[in-house]
Every structure is written in C-alpha cells, then in structure tokens.
Amino acid sequence: MDKLTEKLSKVIDFSIDNLGVESLTEISDMMSDLIRQQSFWIKEENEERFHYELKKFLTWLCEYALMNYNKFEKDEDNG
C-alpha cells in the first residue's frame with residue numbers, strides 16, 4: 001500500500017503543476033469518494049477491498065492526468 005500511496009503522490013504533484021482548475025476539481029471530487037471508501041472499508045475491516053479501490057483510483061488518475069497532459073502538449077504544438 002505504501003508504494004501505491006507514493007505513486008499517487010507523484011501523479012498528484014504532476015497534476016497540480018499541469019492541470020487547470022476544472023480538472024483539479026474533478027480529481028478532488030474523486031479523491032473525496034476515495035476517502036469515503038477508505039472510511040467504509042476500514043470500518044468493515046476489509047483492507048483488501050480498500051486496496052482495490054485505491055488501485056482503481058490510481059489507475060483512473062494516471063489515465064486522466066496522461067489524457068490531459070497529451071491534450072496540453074497537443075495544444076502547445078498547435079499554438
């Protein structure tokens with residue numbers, strides 16, 4: 001879980017530096033959902049399920065950041 005958290009921190013740092021307010025708001029909303037999931041699954045004593053949710057979020061975030069990065073890069077090339 002520590003490795004996933006470390007990867008998540010790196011993606012968030014990249015996103016903060018390179019994404020706009022709208023994108024960051026969407027990421028914040030998804031993170032809020034993740035925190036709710038964490039609270040629920042930890043109360044249920046199901047750390048494995050939370051681990052699944054964390055991996056799912058990290059995958060989404062990486063894809064989202066990459067999609068936005070590619071769009072940003074394309075705009076830079078055209079501008």
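How many aromatic pairs does the count come to? In this predicted model, the count comes to three aromatic pairs. One of them is formed by Phe40 and Trp41, whose rings lie 4.7 Å apart centre to centre, with 80° between the planes. The arrangement of Phe40 and Trp41 is edge-to-face, because planes over 60 degrees apart are placed in that class. The two partners are not equally covered: Phe40 has a relative accessible area of 42% and is partly exposed, whereas Trp41, at 17%, counts as buried. Ring pairs also link Phe57, Trp60 and Tyr64 into a cluster.

The confidence of the prediction was examined next. The mean pLDDT of the protein is 84, and 89% of the residues score at least 70. Among the elements, helix α2, residues 21–43, has the highest mean pLDDT, 93. The lowest mean, 72, belongs to helix α1, which covers residues 2–18.

The fold contains three helices and zero strands, and the order along the sequence is α-α-α. The third helix, α3, spans residues 47–78. Of the 79 residues in the protein, 23% are buried. The accessible surface comes to about 6100 Å², and carbon and sulfur atoms account for 50% of that area. Among contacts between residues at least 6 apart in sequence, 68% join residues at least 24 apart.

The largest nonpolar core consists of nine residues: Leu19, Ile27, Leu34, Trp41, Phe50, Leu54, Phe57, Leu61 and Tyr64. Helices α2 and α3 each supply at least two residues of this core. The largest share, five residues, comes from α3. Two residues of the aromatic cluster, Phe57 and Tyr64, are also listed in the core, as is Trp41, the buried partner of the pair with Phe40. With residues up to four places away in sequence set aside, the core residue Leu34 touches Phe50, Glu53, Leu54 and Phe57. Of these contacts, Phe50, Leu54 and Phe57 are themselves members of the core.

Glu53, a further contact of Leu34, lies in helix α3. Is Glu53 buried or exposed? Glu53 counts as buried because its relative accessible area is 7%, under the 20% limit. Beyond residues up to four places away in sequence, Glu53 touches Leu34, Gln37 and Trp41. Two of these contacts, Leu34 and Trp41, belong to the nonpolar core.

Ser23 is a residue of helix α2. With a relative accessible area of 12%, Ser23 is likewise buried. Which residue shares a side-chain polar contact with Ser23? The partner is Tyr64, and the contact between the two side chains is 3.4 Å. Neighbours within four places in sequence left aside, Ser23 is in contact with Tyr64 and Asn68. Tyr64 therefore takes part in several of the features described here: the polar contact with Ser23, the ring cluster with Phe57 and Trp60, and the nonpolar core, whose members are buried by definition.

Glu45 is found in the loop between α2 and α3. The phi angle of Glu45 is near 55°, a positive value in a residue other than glycine. Glu45 counts as exposed because its relative accessibility is 74%, over the 50% limit. Glu53, by contrast, is buried at 7%.

Tyr69 lies in helix α3 and has a relative accessible area of 30%. This value makes Tyr69 partly exposed, because it falls between the limits of 20% and 50%. Tyr69 and Leu19 are 50 residues apart in sequence, while their C-alpha atoms are 7.8 Å apart in space. Leu19 is one of the residues of the largest nonpolar core.

How values were computed
Residues numbered from 1 in each chain as written. Heavy atoms only, no water. pLDDT = per-residue confidence, 0-100. Helix = DSSP H or I, 4+ residues; strand = E, 2+ residues; numbered from the N terminus. Phe/Tyr/Trp six-rings, centres within 6.5 Å; stacked < 30°, edge-to-face > 60°. Buried < 20%, exposed > 50% of the residue type's maximum accessible area, 1.4 Å probe, protein only. Contact = heavy atoms within 4.5 Å. Areas by Shrake-Rupley, 256 points an atom, 1.4 Å probe, with all protein chains shown as cover. Core = buried A, V, L, I, M, F, W, Y, C linked by side-chain atoms within 4.5 Å. Polar contact = N/O pair within 3.5 Å; in protein donor to acceptor, adjacent residues only side chain to side chain.
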